[in-house]
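Trainee: Hi, have you got a minute to look at a model with me? I'd like to talk through its side-chain packing.

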Amino acid sequence: MDILGQFGVAVTGLLQSTGFVSNDPRNYIMIIISCILIYLAIRKQFEPLLLLPIAFGMLLVNLFPDIMAHPQVSYEEVQAYLAAHNGVEPVADIVKIAGVDYYQIQENGGLLYYLYLGVKLGIYPPLIFMGIGAMTDFGPLIANPKSFLLGAAAQLGIFFTFICAIFLGFTPQQAGSIGIIGGADGPTAIWLTSKLAPELLGPIAVAAYSYMALVPIIQPPIMKLLTTKKERMVVMEQLRPVTKLEKIMFPIIVTIIIALVLPDAAPLVGMLMLGNIFRESGVVSRISNTAQNELMNIITIFLGTTVGATATGEVFLDLNTIKIIILGLAAFCVGTAGGVLFGKLMYIFSGGKVNPLIGSAGVSAVPMAARVSQKVGQSENPGNFLLMHAMGPNVAGVIGSAVAAGVLLSILG
């Protein structure tokens, strides 16, 4: 072949390797969606700490799909491999993953594939929980243990949506992953979905963090609809002081109980309480600060970027994604309503001493949901200060969503 012909082949190969030719057309829609999410994260500050890396990971994988390429190739892909390598058999053993035989081809995967193993193996979400524990004061919950009931009631949305998802044709494992959106806890949703329905990880993660960001918009209408002005104006008594011994014993006792009763929830709850005892012990301030800051930030980058990189056009642009978005909203709304309605019961049985608005904070969006309870209560009564009372159900919701995830995993896993 002459030099001109070789040059033509080289140019043709170069053009065919560009994203304009090789990309799935659906990926361009995902690129637009990722840019919208980046705008919302930066301009509107919708959960920017995780929405921004998720959106950019989504942008990367739809521009350059090979960034998530993995070295495990199924039998269906072997023919393409043999054609590309002149019929040479892959040098590797056959491994079985999720019941499917794979060739373990000795080739490098994409960058985000290796970082994604932290999600796939269930490493990143528990580490996020450790950082949350190191930043959380469980004092309001210890001072008012009845807050546990509000946190539990707010998990109603999870199980309600689980049933609805099954009726809409999802498998039980997929339905459990969709339902957990109602806990308003992104790391828990990612952790459970990576174990039960990894194929839905992208849509579920985007839905979970989007609704967490929309807490100040979604919750107030539900809170006002389900309560009277008289109930919203209730001023609650100041919480009792909590001793240091109580704060130290709390994470130990909770870990023992959860690990014995529901072992599947132990990774999340255990790491949450580990971070909290770092904080409350007062003897490992360096470790506590690292868990709250450096480690939390690093894991957040890896978690968000790799989860976003699972949202390719082929996976995301599907009828099931629309169903997930709708079901996620239903889960969140029902969870909020469950907390408020149980708060109304506590209002009745306490003789009007409990403001039912604090029940809405039973979802796990810390501390945003508690701030919404405070804002709505103070709009009715300027002298009303519900923030510390709402923090009790709010941190109870963190534990509650992890326990709900453990229940679903033990049943469906």
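Mentor: Happy to! Ring pairs link Phe138, Phe148 and Phe250 into a cluster; rings of Phe, Tyr and Trp (its six-membered ring) pair if their centres lie within 6.5 Å. Bear in mind that this is a predicted model, where local features need pLDDT of at least 70, side-chain atom pairs count only at pLDDT 80 or more, and totals for chains, interfaces and linings use all residues. Residues are numbered from 1 along each chain as its sequence is written, and side-chain values use heavy atoms, with hydrogens and water left out.

Trainee: Got it. How many aromatic pairs does the structure hold?

Mentor: There are 4 aromatic pairs. In one of them, the ring centres of Tyr124 and Phe302 are 6.2 Å apart and the planes are at 40°, so this pair is tilted (planes under 30 degrees apart count as stacked, over 60 as edge-to-face and the rest as tilted).

Trainee: Where in the chain do Tyr124 and Phe302 sit?

Mentor: Tyr124 is in helix α7 (residues 124–135) and Phe302 in helix α19 (residues 294–308), so the pair links distant parts of the chain, 178 residues apart. Helices here are DSSP runs (H or I, at least four residues), numbered from the N terminus.

Trainee: Is Tyr124 buried or exposed?

Mentor: Tyr124 counts as buried at 8% relative accessibility, while Phe302, at 30%, is partly exposed. Buried means under 20% relative accessible area, exposed over 50%, partly exposed in between (1.4 Å probe, protein chains only).

Trainee: Back to that cluster: what about Phe138 and Phe250?

Mentor: Their centres are 5.1 Å apart with planes at 40°, so that pair is tilted. Phe138 lies in the loop between α7 and α8 (139–143) and Phe250 in helix α16 (residues 244–261), so parts 112 residues apart in sequence are tied together. Phe138 is buried at 3%, and Phe250 is buried at 11%.

Trainee: New topic: where is the cis peptide bond?

Mentor: A cis peptide bond joins Val366 and Pro367, with omega about -10°. Pro367 is in the loop between α21 and α22 (368–380).

Trainee: And what is odd about phi of Gln45?

Mentor: Phi of Gln45 is near 55°, a positive value in a residue other than glycine. Gln45 lies in the loop between α3 (25–42) and α4 (48–63) and is exposed at 60% relative accessibility. Ala184 also has a positive phi, about 55°, although it is not a glycine. Ala184 is in the loop between α11 (172–179) and α12 (186–196), and counts as buried at 2%.

Key: Helices (H or I, at least four residues) and strands (E, at least two) are DSSP runs, numbered from the N terminus.
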